[in-house]
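Please go through the model shown here with a colleague's questions in mind.

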Amino acid sequence: MYVAVKGGERAINNAHAWLAEERRGDTGIAELSIEQIREQLALAVNRVMAEGSLYDPDLAALAIKQSRGDLIEAIFLIRAYRTTLPRFGASEPLDTGAMDCDRRISATFKDAPGGQILGPTFDYTHRLLDFKLAAEGGAPEAVSEPADPMDIPHIASFLGAEGLLQEEAKSDATPRDLTREPLSFPADRAVRLQALTRGDEGFLLGLGYSTQRGYARNHAFVGELRIGKVPVEMEIPELGFAIEIGEIDVTECETVNQFKGSKVEPPQFTRGYGLVFGQTERKAISMALVDRALRWEELGEENAGAAAQNVEFVLSHSDNIQATGFVEHIKLPHYVDFQAELELVRRLRREAEAAQQAAAPDATQPMVEEPAE
Amino acid sequence: MSGYNFAYLDEDTKRMIRRAILKGLAVPGYQVPFASREMPMPYGWGTGGVQVSAAVLVPEDVMKVIDQGADDTTNAVSIRAFFQKTAQVAVTEATGEATLIQTRHRIPERPLTEDQILVYQVPIPEPLRFLEPRETETRKMHALAEYGLMHVKLYEDIARHGEIATSYAYPVKVADRYVMDPSPIPKFDNPKLESAAIQLFGAGREQRIYALPPWTPAVSLDFEDHPFEARKAPGCCGICGAEDSYLDEVILDDAGGRMFVCSDTDYCRSRVAAAEDAA
Amino acid sequence: MNPILSVRNLEKRYGARIGCTGVSFDLYPGEVMGIVGESGSGKTTLLNCMAGGLVPDSGEVVFDMREGGPRDVLKLSEPRRRMLARTDWAFVHQNPRDGLRMGVSAGGNVGERLMSVGARNYGAIRAEAQDWLGRVEIADDRIDDRPRDFSGGMQQRLQIARNLVTGPRLAFMDEPTGGLDVSVQARLLDLIRGLVHDMGLSAIVVTHDLAVVRLLADRLMVMRQGRVVEQGLTDQVLDDPQDAYTQLLVSSVLQV
């Protein structure tokens, strides 16, 4: 006699125990500390903070440890934690012009006030496995010089001064908060940028790449890419003025894009914008490309039907926590729906079979056997 | 669980969700957008249902959670454990004893009462989504009650297969106004949508809540000459002998051996118990 | 007799550029009017402004409604305008892909309008679709085939059937024979002429092809740079053009 499967609860508990054991791996090998992850896997930590929408390197490192290095799982842990946190208020807008830059490059001008600062980049490393690292990394030290106290103005401001770059409309309106309101369409640029900055790096990379290959090509130059620390200020109601509450690392990318102009407007460059927590320049550049592609309508460009131009498509699919949940949910039981389909297909096949038999008596054997009851 | 509010969500969030639920009850079948929170379980795994349950749950509730009709499927176990941990509510497997039932893909066989709330987990709330992917367009179609396209789909089914080939998530027209996706329940369950219980539908990832107040008409779409038919696998349950319940097929061996058993495990168990009592 | 459609001072601009401006005319029941002009003359802009695809900047488009008489359709609520578009109006696109559901069978394409106004009997919908496929010379056994398997001419005939099944009174046609072979064009024109006559349909046909208007249109409007430069009876305009541009247009066709 058949007995229905039982024991879901025990199975789950056992699975969790096994997972914990696997996470730790060989106990003969030293356990990773949060500090090690934070210091030595900093770019993974940055990605988890950016897509988790929570600037906390220690928590991101913990999430990476807990998720066995699965960064989307780590982002998920951070998001689920973040949503439970109380809100004290909103910061003042960041002034990225006042950034203490570790890296600042422009692809549009050979030199500009503030100079080109290469910073800690992989760009010109030769991608040769460094077997010395397998043994010991040591404590390499780079040459350092005291920072030039000079301001590093945005490259965009030089173009803007000449009227060559389209001015963005200024607004003091409070932007909508994607984490507190449902996403709705049409989505304005503030909402789009919010979705993009917490969107999946791989998804944005692919979309940004597609714009370069002709799917809504918009001829982007990296006007400026800067990475560094910016102060975060917040107005405290009791004080009545803004005070600095800390500083965070961010990556900012402004692209300068071609614009044809029209009979009434002289030709001008337009921009795409990317701003992401931490040193995350692949993401920031991709974000700027996609932001620019999404602006086709306001800039009077043609809708080429490209994925990167489709606001609903991009915003509805950029969140990797939503995506991974829904893609993976198809491994959950679907017995009931499948049974309904099974029953339908069997019946349709029986009917088709009967029709064939009627058309040509004693021609073929039945295609399907009756289910045993 | 220390550090978290009763039923996990903070009271502000619950209030926001309750507002959406009330609006949904006031406009049956209309999809109310709500600011779905990130839950500690994945999207697509019942985050909408969990948020709705958390918003309506009170300490006196007796909760039942089913997935595919069964209380013991892993995701049902996981969600039940979540509420036991965060709300310390009493739980049950008996449909008749529950005041709040969260479900995925089934409506219990035993008729619900006016003292019960049934909460559905919904993956894709938009019944028009696979006909028209643009949200801006589907919202307009609902607003203007332009549902011709839905019947085109049904027409195509009949033209190709001789019958309407939708076997689950079969769309219904609610109170003669909104076309609604009843979540992926088998169409066998559609007639049970007209129920004494309050029915709430939560889609977390898609940020929508909708509802059916008690006894709201929910008519399965069809044609006059191809009327809707609630269907299930032919035959009866191999355990309790029920002929009126939805059946799961179980493969017994690799020689084609199989049997059919009730998908609603509580229904099956209670029938077996009743038969034993009678004997 | 009231005009079925009265257009007054219709204007649409794209920034500084004129789409169309100062367009006024009356269309009477059963009448077919052709709008000709080279590409960029504003004829398609005008058509879309009348049919609801574009919102004009100013002007009136007054339609003689079945119930309620003459009304400016630009001032109708969206539900009423959409209802009008799927009952009393027809719109035939140049590219049948824009006017058909390519993934839906021919029968479903024709039946859609019926279902959208409440038809719920499968047999009756199918019979009506079958009848309309016959009227546009599509064989009975193609009813369950999808339009992507049809030739260009068949697709265009299917689009016409799909539009006319609810018995509209006014049809807008945008280059209905564009992109088709000459022999296919001739057959289609013949079919349209027959349907227009049988149904007493009023129609506005936009085309750059003077042969099309010669065959279909009672009256003609010639457009250039967004403005109407000449209008009158088709034969009159084609045989005795007054405007210099029309003369050029007519002579260039005659040379072919």
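What follows is a short exchange between a colleague and the modeller.

Colleague: What kind of model is this, and which pLDDT do local features need?

Modeller: Residues are numbered from 1 along each chain as its sequence is written, chains are lettered from A and ligands numbered from 1 in the order in which they are written, and side-chain values use heavy atoms, with hydrogens and water left out. This is a predicted model in which totals for chains, interfaces and linings use all residues, side-chain atom pairs count only at pLDDT 80 or more, and local features need pLDDT of at least 70.

Colleague: Is strand β4 of chain B largely enclosed or open, and which residues lie on its two faces?

Modeller: Helices (H or I, at least four residues) and strands (E, at least two) are DSSP runs, numbered from the N terminus, and buried means under 20% relative accessible area, exposed over 50%, partly exposed in between (1.4 Å probe, protein chains only). Five of the five residues of β4(B), residues 100-104, are buried, so the strand is largely enclosed by the rest of the structure. In a regular strand the side chains alternate between the two faces of the sheet. Here both faces are covered, with Leu100(B), Gln102(B) and Arg104(B) on one side and Ile101(B) and Thr103(B) on the other.

Colleague: Which residues stand opposite Leu100(B) in the strands that pair with β4(B)?

Modeller: Two strands pair if DSSP finds at least two bridges between them. Five bridges join β2(B), residues 62-67, to β4(B) in parallel, and four join β4(B) to β5(B), residues 117-121, also in parallel. The bridge partner of Leu100(B) on the β2(B) side is Met63(B), and in β5(B) the residue opposite is Ile117(B).

Colleague: How far apart are the end C-alpha atoms of helix α3 of chain B?

Modeller: The expected span of a helix is 1.5 Å times one less than its number of residues. For the 14 residues of α3(B), residues 74-87, that gives 20 Å, and the end C-alpha atoms agree with it at 20 Å.

Colleague: What covers the buried residues of α3(B)?

Modeller: The buried residues include Val77(B), Ile79(B), Phe82(B) and Phe83(B). Contact means heavy atoms within 4.5 Å. The cover includes α2 (47-56), β2, β3 (90-91), β4 and β5 of chain B, together with α1 (8-24) of chain A.

Colleague: Which helix gives the most to the largest nonpolar core?

Modeller: A nonpolar core is a set of buried Ala, Val, Leu, Ile, Met, Phe, Trp, Tyr and Cys residues joined through side-chain atoms within 4.5 Å. The largest has 67 residues, and those with the most contacts inside it include Tyr155(B), Phe223(B) and Val110(C). With seven residues, the helix that gives the most is α5(B), residues 148-161.

Colleague: Is Trp132(C) buried or exposed, and which residues does it touch?

Modeller: Trp132(C) lies in helix α5 of chain C, residues 122-135, and counts as buried at 3% relative accessibility. Not counting residues up to four places away in sequence, it touches Val110(C), Ala161(C), Leu164(C), Val165(C), Leu195(C) and Met199(C).

Colleague: Which backbone oxygen does the side chain of Asn46(A) reach?

Modeller: Asn46(A) sits in helix α3 of chain A, residues 42-52, and is buried, with a relative accessible area of 12%. Beyond its neighbours within four places in sequence, its contacts include Phe277(A) and Thr280(A). At 3.5 Å, the side chain reaches the backbone oxygen of Gln279(A).

Notes
A polar contact is a pair of N or O atoms within 3.5 Å; within protein, one must be able to donate a hydrogen and the other to accept it, and residues adjacent in sequence count only if both atoms are side-chain atoms.
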